[in-house]
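Biologist: Could you walk me through this model one question at a time? I would like the reasoning along with each answer.

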Amino acid sequence: MGAQWKAKGKELAANARGRVFGKLAKEIMVAARNGADPASNARLRLVVEQARKVSMPKETLERAIKKGAGLTGDAVHFEHVIYEGFAPHRVPLMVECLTDNLNRTASEIRVLFRKGHLGTSGSVSWDFDHVGMIEAEPLAAGADPELAAIEAGAQDFEPGEEEGTTMFLTDHADLDLVSRALPAQGFTVLSAKLGYKAKNPVNPATLSAAELEEVEAFLAAVDANDDVQNIFVGLGD
């Protein structure tokens, strides 16, 4: 959870699937601003791969690409904004949003943070590293993630979100470079994005089961907001 928080069993609920599709569609629209062809747009190619992995309907995917690239005549403009603060029990987090209405998002985030603490810019980010996060899986059994990390130029690696995957961590400027180098080292890239990793995550063992439940409920409520794209939490695994 130290790298990126994801709701437990998120893929099981139909309405949650809809939220995942909605968030990915926004990512696709933003990426497609730099061209509608995934072959020549690395950022778009990676988001399209993620969309296919979660079985996003083809028409939804194509509509998002066209809309983002300005091919439908609909003007679409999302602003990227990050909120910093604490979940209950002083667990630090960074909330990344894509919004077409900054005032609405700011007001909704304020309400969501009533059970935590919304900080000012810089109040929490100093305790996070801005890194590239590449989730990849081995092409064949026995591929060595440590060797792949060294050869591809990643700074570090850790077990990925899904069993059998590896999360390669890079300097934020090296994200694309390492993504392109990993296949030659025996790893297929599943997703690649910039994110935030806590320098001093809270140890979950210091929280009671009830307190951890409060943190989870808070994070789930924030994640359910339509404008929230990613949540990066300073809580150890």
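**Strands, helices and a pocket**

Biologist: How many of the twelve residues of E7 are buried?
Modeller: Strands here are DSSP runs of E with at least two residues, and helices are runs of H or I with at least four, numbered from the N terminus. Buried means under 20% relative accessible area, exposed over 50% and partly exposed in between, with a 1.4 Å probe and protein chains only. By that cut-off E7 is mostly covered, and its buried residues number nine.

Biologist: Good start. Before we go on, what pLDDT do local features need?
Modeller: Residues are numbered from 1 along each chain as its sequence is written, and side-chain values use heavy atoms, leaving out hydrogens and water. This is a predicted model, in which totals for chains, interfaces and linings use all residues, side-chain atom pairs count only at pLDDT 80 or more, and local features need a pLDDT of at least 70.

Biologist: Which strands are at the edges of the sheet with the order E5-E6-E4-E7?
Modeller: That sheet is open, has four strands and pairs in the antiparallel sense; two strands pair if DSSP finds at least two bridges between them. Each edge strand pairs on one side only, and these are E5 (156-159) and E7 (187-198).

Biologist: What is its average twist, and what angle does H5 make with E6?
Modeller: From one strand to the next, the twist averages 30 degrees. Helix H5 (residues 145-152) packs on this sheet and touches E5, E6 and E7, with contact meaning heavy atoms within 4.5 Å. Axes are lines fitted to C-alpha atoms, for helices over the stretch in contact, and angles run from 0 to 180 degrees between N-to-C directions. On that scale, the angle between H5 and E6 is about 25 degrees.

Biologist: Which residues stand opposite Met 133 in E6 and E7?
Modeller: E4 (residues 128-138) pairs antiparallel with E6 (residues 166-171) over six bridges, and with E7 over eleven. Opposite Met 133 stand Leu 169 in E6 and, in E7, Lys 193.

Biologist: Why is E6 described as largely enclosed?
Modeller: E6 pairs with E5 as well, over four antiparallel bridges, where Phe 157 has Phe 168 as its partner. E6 is largely enclosed by the rest of the structure because its buried residues number five of the six.

Biologist: Which residue in the turn between E5 and E6 has a positive phi?
Modeller: E5 and E6 form a hairpin with six residues between them. The residue in that turn with a phi of about 90 degrees is Gly 164.

Biologist: How far apart are the end C-alpha atoms of H2?
Modeller: The expected span of a helix is 1.5 Å times one less than its number of residues. H2 (residues 42-53) has twelve residues, so it should span 16 Å; the model agrees, with a distance of 17 Å.

Biologist: Which residue follows H2 with a positive phi?
Modeller: Most residues other than glycine have a negative phi. The residue in question lies in the loop between H2 and H3 (58-68). With a phi near 60 degrees, this residue is Ser 55.

Biologist: Which element supplies the largest share of the lining of the second largest pocket?
Modeller: A pocket, on a 1 Å grid over the protein atoms alone, is an open set of points where a 1.4 Å probe fits, with protein on both sides within 12 Å along at least five of seven lines; lining residues have an atom within 4 Å of a point. This one has a volume of about 180 Å³, the space filled by probe spheres set on the points, which are joined across faces, edges and corners. H2, H6 (175-181) and E7 each supply at least two lining residues. The largest share, four residues, comes from H2.

Biologist: Which strands are at the edges of the sheet with the order E3-E1-E2-E8?
Modeller: This is another open sheet of four strands with antiparallel pairing. Each edge strand has a single partner, so one side of each is left without a neighbour in the sheet: these are E3 (117-118) and E8 (228-233).

Biologist: Is Gln 185 buried, exposed or partly exposed?
Modeller: Gln 185 lies in the loop between H6 and E7. Beyond four places away in sequence, Gln 185 touches Ala 148, Glu 151 and Ala 152. Its relative accessibility is 29%, so Gln 185 counts as partly exposed.
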